[in-house]
Amino acid sequence: MAKDKSKTLGRRAFLATTIGTALLADGLATSSAYAEESQQNKLVKASEKLEAKKTGLLFLGTGAADWPDNYPPIERELARGEVRGLSSMLVNGHILIDCGPTVLDAMKRYKVDFASITDLLLTHTHSDHFHQETLLAIADARDAKLEPLRLWAHPEALKLAPKSSRIEKCPVEIGATFRLHEFDITGLESNHLVKHTQEKCLYYLLEGATKTLLYATDGSWLLKKTWEYLQKKSVDVLIWDATIGEQAGDYRIFEHNDLAMIRHMNQTLKNRNIIKPDTKIILTHMARTLHPPHNQLEEKLLPEGLIPAYDGMSLVL
Ligand SMILES: [Zn+2]
Ligand SMILES: [Zn+2]
């Protein structure tokens with residue numbers, strides 16, 4: 001039985017072979033045909049490069065701290081947004097943002113190989129974002145022959161990291177950009193507080209080859225210096241702390257956003273071209289008690305261009 005070539009060859013080689021065979025069958029295997037073939041190869045290469053530059057996001061938790069800190073058993077089917085884990089997001093399969101106590105279960109449910117996580121970006125050390133056992137489990141899952149898991153965090157937050165030879169502590173200086181895999185990453189200060197410490201809470205700006213994303217939770221409004229830093233940036237994906245819903249007068253507005261605040265900020269960011277009409281604006285870190293069920297959220301918010309995230313939501317940009 002003839003072997004299926006598509007299974008034994010790489011995609012590029014397979015396409016090149018197919019193109020070459022078609023040209024020969026037409027009796028056109030001339031030098032110009034080879035030139036055409038090499039043109040096709042270039043196109044395939046270009047599309048592969050573009051593919052490699054794409055950014056994949058997977059939301060592993062979209063809830064604020066009032067959601068339970070344990071995730072339902074994997075056998076239980078969940079409707080979209082029925083349960084929210086504590087907030088976390090995975091970028092391109094290897095950069096995890098925050099590791100609260102529900103993250104391991106969410107990774108099992110959404111089939112993430114957590115041994116392939118190389119870097120953890122920590123926003124701050126509140127217990128819904130930072131859970132020592134979870135951090136150790138992720139670090140220990142890495143092949144011992146590979147370099148340790150890098151933990152990126154504010155220097156004061158790093159003091160709380162567990163001691164392990166499988167964790168490399170990497171301080172994040174506010175406003176200083178570092179290179180990580182395919183991204184330039186900058187930690188920006190947020191308006192949020194870990195009481196009784198000197199720790200600064202961080203948003204993360206990730207600038208890839210084709211897309212820029214801002215992960216902005218936890219915090220309310222933008223601090224003036226963060227706003228100034230963003231002036232020359234063009235953000236393709238903006239992920240907001242949306243702890244509070246539509247209720248006015250909630251006491252948490254001094255550390256978390258409500259939806260009116262988010263609308264105000266979006267308008268101003270648009271006016272300054274920091275976000276564009278096609279920027280994806282995503283809401284996460286939603287409180288259990290301050291939002292309606294997810295289907296109602298979608299019905300209300302999608303028409304105005306706000307995307308309420310749900311656990312397991314994935315995007316390829
Ligand atoms: Zn939080
Ligand atoms: Zn917090």
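## A walk through two sheets and a helix

Start with the whole chain in cartoon view: its secondary structure comes to 9 helices and 14 strands. Keep in mind that this is a predicted model. Of the 317 residues in the chain, 38% count as buried. If you have a contact map open too, look at the contacts with a separation of 6 or more: residues 24 or more positions apart account for 63% of them.

**Stop 1: the sheet that starts at E6**

Select strands E1 to E6 along with E14. Here you have an open sheet of 7 strands, in the order E6-E5-E4-E3-E2-E1-E14, and the pairing is mixed. Its edges are E6 (167-171) and E14 (314-316), each of which pairs on one side only. Going from one strand to the next, the twist averages 20°.

Now zoom in on E1, residues 56-61. On one side is E2 (residues 88-91), which pairs with E1 in the antiparallel sense over 4 bridges. To find a spot where the two line up, pick Gly61: Ser88 in E2 stands opposite. E14 is also joined to E1, this time by 3 bridges, and those two strands run antiparallel as well. Click on Leu58 and you should find Ser314 of E14 opposite.

Is E1 enclosed or open to the outside? Of its 6 residues, 5 are buried, so the strand is largely enclosed by the rest of the structure.

**Stop 2: a loop with an odd backbone angle**

Next, select Lys111, in the loop between helix H4 (103-109) and strand E4 (119-121). Its phi is near 55°, which is a positive value in a residue other than glycine. Lys111 is exposed, with 8 other C-beta atoms within 10 Å. Remember this residue, as another positive phi comes up later in the tour.

**Stop 3: the other sheet**

Hide the strands from before and select E7 through E13. These 7 strands also form an open sheet, in the order E7-E8-E9-E10-E11-E12-E13, with mixed pairing. E7 (177-180) and E13 (306-308) are the edge strands, pairing on one side only. The twist from one strand to the next averages 20°.

For a closer look, take E8 (residues 183-189) and E9 (residues 202-207), which pair in the antiparallel sense over 6 bridges. Which residue of E9 is the bridge partner of Thr186? Look for Leu205.

**Stop 4: a cis bond and a buried turn of the chain**

Follow the backbone out of E10 and stop at Asp218, in the loop between strand E10 (212-216) and helix H7 (224-229). The peptide bond that leads from Thr217 into Asp218 is cis, with omega near 5°.

Then jump to His285, which sits in the loop between strand E12 (275-284) and helix H9 (294-301). Phi here is near 50°, again positive in a residue that is not glycine. Is His285 buried or exposed? With 30 other C-beta atoms within 10 Å, His285 is buried.

**Stop 5: helix H8**

Select residues 259-271, which make up helix H8. Try the distance tool on its end C-alpha atoms: they are 18 Å apart in the model, in agreement with the 18 Å that 13 residues should span at 1.5 Å a residue.

Color the buried residues of H8, which are Leu259, Ile262, Met265 and Leu269. They cover an arc of only 120° around the axis, which puts them on the same side of the helix. What covers them includes strands E11 (235-241) and E12. Turn to the other side of H8 and you meet the exposed residues His264, Gln267 and Asn271. Just after the helix, Asn273 takes a positive phi of about 60°.

**Last stop: the nonpolar core**

Finish inside. The largest nonpolar core has 70 residues, and the members that touch the most others are Met89, Leu120, Tyr204, Leu214, Tyr215, Leu238 and Ile239. Show these seven as sticks, then center the view on Ile239. Leaving aside residues up to four places away in sequence, which ones does Ile239 touch? They are Leu213, Leu214, Tyr215, Ala216 and Thr217, together with Ile282 and Thr284. You have already passed Thr217, where the cis bond to Asp218 begins.

Conventions:
Residues are numbered from 1 along each chain as its sequence is written. Chains are lettered from A and ligands numbered from 1 in the order in which they are written. This is a predicted model: local features need pLDDT of at least 70, side-chain atom pairs count only at pLDDT 80 or more; totals for chains, interfaces and linings use all residues. Two strands pair if DSSP finds at least two bridges between them. Axes are lines fitted to C-alpha atoms, for helices over the stretch in contact, and angles run from 0 to 180 degrees between N-to-C directions. A nonpolar core is a set of buried Ala, Val, Leu, Ile, Met, Phe, Trp, Tyr and Cys residues joined through C-beta atoms within 7 Å. A residue is buried if 20 or more other C-beta atoms lie within 10 Å of its own, exposed if 12 or fewer, and partly exposed in between; C-beta atoms are placed from the backbone. Two residues are in contact if their C-beta atoms, placed from the backbone, lie within 7 Å. The expected span of a helix is 1.5 Å times one less than its number of residues. The arc is that of the directions from the helix axis to the C-beta atoms.
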